[in-house]
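User: I am new to this structure and would like a close look at a single part of it. Please pick one helix and walk me through its surroundings in one connected answer.

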Amino acid sequence: MKKYLSEMLGTMVLVLMGCGSAVYAGVAQPFSAVGTLGVAMAFGLSVIAMAYTIGNISGCHINPAITLGMFLSKRISGTEAATYMIFQVLGAILGSAILYTLAKDSASATTLTGANGYTEILPAFIAETVFTFIFVLVVLGCTSERGNSSMAGLVIGLTLVLVHIVCIPITGTSVNPARSIGPALFQGVEALSQLWLFIVAPFLGAVIAAIVWKYIDVR
């Protein structure tokens, strides 16, 4: 249970800090704008912080796509993977609830999902699939038997920064089903209507990453 609670806590921090940076300090905000790079850094730094906080407890997946990749790579059981995902979603909902309470009366022009307007389906699906593939592939490599475990959290966090820098203008960047589910529940109909894409595409990217890693991993 400590592992699952750690995953819930870690995902809560990721959503609260990452989405919070977009809501309060993203592009075109009336607050101190940090721009796309600042929002990207907020997500990456959240992962780094949690990796070195709960990594030794749960592995710090805080992302159902990573958990799926780990399951397909036979590093965790199906039951454990499913429970991880449940607690990750709960953590995302908790983080979103806190952020909603803080930001609902603010002057923010950014939604909790991190993107305004309707997302174009095909470019968004391709982007979320490809960037999740890259992200999960890095995670699988860094956490493999030959990976440098002491540097894994830093490398994974910085990779997430890189992914956000490129992907924010396309989709607002999810590459994490839990990170999308939590905010969408508070955002409303528009976000919920697009939620399937931000679940299916990251999972597809994770599946591809697991297949590719299995092929290139020399044991």
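Analyst:
**Helix α3 and its neighbours**

The buried residues of α3 pack against α4, α5 (121-142), α7 (177-187) and α8 (189-216). Packing here rests on contacts, meaning heavy atoms within 4.5 Å. Helices are DSSP runs of H or I with at least four residues, strands are runs of E with at least two, and both are numbered from the N terminus. Please keep in mind that this is a predicted model: local features need pLDDT of at least 70, side-chain atom pairs count only at pLDDT 80 or more, and totals for chains, interfaces and linings use all residues. Residues are numbered from 1 along each chain as its sequence is written, and side-chain values use heavy atoms, with hydrogens and water left out.

Now to the helix itself. Helix α3 covers residues 64-72, and because 7 of its 9 residues are buried, the rest of the structure largely encloses it. Buried means under 20% relative accessible area, exposed means over 50%, and partly exposed lies in between, using a 1.4 Å probe and protein chains only. The buried residues of α3 are Pro 64, Ala 65, Ile 66, Thr 67, Leu 68, Gly 69 and Met 70.

Both ends are worth a visit. At the N-terminal end, Asn 63 acts as a cap for α3, with a side-chain oxygen 2.8 Å from the backbone nitrogen of Ala 65. Just after α3, Lys 74 takes a positive phi of about 65°.

Next, follow one of the partners, α4, to some aromatic rings. Rings of Phe, Tyr and Trp (its six-membered ring) pair if their centres lie within 6.5 Å; planes under 30 degrees apart count as stacked, over 60 as edge-to-face and the rest as tilted. The whole structure holds 4 aromatic pairs. In one of them, the ring centres of Tyr 4 and Tyr 84 are 5.7 Å apart and the planes meet at 85°, so this pair is edge-to-face. Tyr 4 sits in helix α1 (residues 2-25) and Tyr 84 in helix α4 (residues 78-103), so the pair links parts of the chain 80 residues apart. Tyr 4 also forms a stacked pair with Phe 87, at 5.6 Å centre to centre and 25° between the planes. Ring pairs thereby join Tyr 4, Tyr 84 and Phe 87 into a cluster. Tyr 4 and Tyr 84 are both buried, and Phe 87 is buried too.

Finally, the wider setting: the protein chain has 8 helices and 0 strands, and buried residues make up 52% of its 219 residues.

Methods: A polar contact is a pair of N or O atoms within 3.5 Å; within protein, one must be able to donate a hydrogen and the other to accept it, and residues adjacent in sequence count only if both atoms are side-chain atoms.
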